Amino acid sequence: MASLTAFHYQSGNTTIHILDARFKLILMALTSITLLNVSAWALVVMSGMLAVLGWHIGFPLFSAAKELRYFFILLLMVFVARVLSTPGELLVQIGLLEISKQGLVDGGLVCWRLLLIVLLGLVLVSTTRVSEIKQSVAWFFKPVPGVPEKRLATMLGLIVRFIPVIFAKAGEVTAAQQARGIGSRKNPLFRLKTFTIPLLRGVFRDAGNLALAMEARCYSEEAIRGMTSATQRDWGMLLAGTSLCMVAFFI
C-alpha cells in the first residue's frame, strides 16, 4: 500500500493544500462540468493548467498512471465504442464494422475529458485530508431536510479510504495468480473468476474487520467536527477558478 501514493493524502503547504475543502469540492464540480462541455482548444489549455497544478503540488504522475491501468482499459473500451457507433466520413470498413473520422475525433475527446476529470479527482484526494472531505460533505448536506449528513459523510470517507485497500488487495491477488501460473491459462473467464472471487472475498473481509474495529472503539457519527470559517484567500481562489471556467467556454 505504500506505493499507492496517488490515492493517499500527501502533506504539503501549497495553496491547494491549505485551501478550504468546501471550495475545493465546488471548484472540482465546476471544472468537471466545464471539461464536459468545452471545445478541444479549451481542453488543451485546461490540460496545461492541470499539468502546472500537478507539478505545483508534486503529484506522483507515474504512480497514478500505474494504478490507473485498469481505467485506461475502460477508456479504450469507451473509445472503441464511440468509434464504431458514431456516423460520419468513412475511413475504414472491415465487414460490418465502419470507422469514421468523426468517430475517431469524438472517441478521443470523450476519453480525454474523462481522463482529465479523473486526474482532477486524484489531485483533490492527494491534497485534502479525508476528515476535511467528510466535514465538507456534512456541511453541504446539513441544510437538506431528511438527509443524515454526518452518516453520509462517514460513508463517503470510508469509500475514499478503501480505494487504496482495494488496489492493494488486487495487487496481492495478481501476485498470487502469477505464483500459481494462472496467468498462463488461455481461458479468460477462468482467469476472471479466479481474480474476482478472491478479490471480493478479501475486500468484504477487510470491510467487516473495519466495522468491528469501529464498533469496538465506540465510533460515532458525532465525531465529525464542524467547519471553520472561510478566508479571503478561499473566496479569491473560488472567484479565480470560476472566472477561468467561464473563459474556457469562449475559447
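Helices here are DSSP runs of H or I with at least four residues, and strands are runs of E with at least two, both numbered from the N terminus. On that basis the protein has 10 helices and 2 strands. The model is a predicted one. Its 251 residues include 34% that count as buried, and the structure holds 5 salt bridges and 0 disulfides.

**Overall architecture**

- Read from the N terminus, the elements follow the order α-α-α-α-α-β-β-α-α-α-α-α.
- The C-alpha trace of the protein spans about 60 × 55 × 40 Å along its principal axes.
- Taking contacts between residues at least 6 apart in sequence, 74% join residues at least 24 apart.

**Surface and charge**

- The protein has an accessible surface of about 15600 Å², and carbon and sulfur atoms account for 70% of that area.
- There are 24 positive and 13 negative charges in the protein, and the mean positions of the two sets are 7 Å apart.

**Salt-bridge network on helices α8 and α9**

- K169 and E172 form a salt bridge in which the closest N and O atoms are 3.6 Å apart.
- Both of these residues, E172 and K169, belong to helix α8, where they sit 3 residues apart, about one turn of the helix.
- K169 is buried, because its relative accessible area of 13% falls under the 20% cut-off.
- E172 has 48% relative accessibility and therefore counts as partly exposed, as the buried class ends at 20% and the exposed class starts over 50%.
- K169 also meets D206 through its side chain, in a salt bridge with an N to O distance of 3.4 Å.
- K169 lies in helix α8 and D206 in helix α9 (residues 188–216), so this pair ties together parts that are 37 residues apart in sequence.
- K169, E172 and D206 are joined into one network by salt bridges that share partners.
- D206 is partly exposed, with a relative accessible area of 22%.

**Salt bridge between R129 and E132**

- Another of the salt bridges links the side chains of R129 and E132, at 3.7 Å from N to O.
- E132 is partly exposed at 22% relative accessibility.
- R129 is likewise partly exposed, at 41% relative accessibility.

**R151 in helix α8**

- R151 is placed in helix α8, which covers residues 149–179.
- With a relative accessible area of 45%, R151 is partly exposed.
- The C-alpha atom of R151 is separated by 10.0 Å from that of V137, a residue 14 positions away along the chain.

**Cysteines**

- A disulfide is a covalent bond between the sulfur atoms of two cysteines.
- The structure holds 0 disulfides.
- C111 is buried, with a relative accessible area of 11%.
- C245 is buried as well, at a relative accessible area of 9%.
- Both values lead to the buried class because that class takes residues under 20% relative accessible area.

Technical notes: Residues are numbered from 1 along each chain as its sequence is written. This is a predicted model: local features need pLDDT of at least 70, side-chain atom pairs count only at pLDDT 80 or more; totals for chains, interfaces and linings use all residues. Side-chain values use heavy atoms; hydrogens and water are left out. Buried means under 20% relative accessible area, exposed over 50%, partly exposed in between (1.4 Å probe, protein chains only). A salt bridge is a side-chain nitrogen of Lys or Arg within 4 Å of a carboxyl oxygen of Asp or Glu. A disulfide is a pair of cysteine sulfur atoms within 2.5 Å. Contact means heavy atoms within 4.5 Å. Accessible areas come from the Shrake-Rupley method with a 1.4 Å probe; for residues, only the protein chains shown count as cover. Lys and Arg count as positive and Asp and Glu as negative; His and the chain ends are not counted. The place of a charge is taken as NZ of Lys, CZ of Arg, CG of Asp or CD of Glu.
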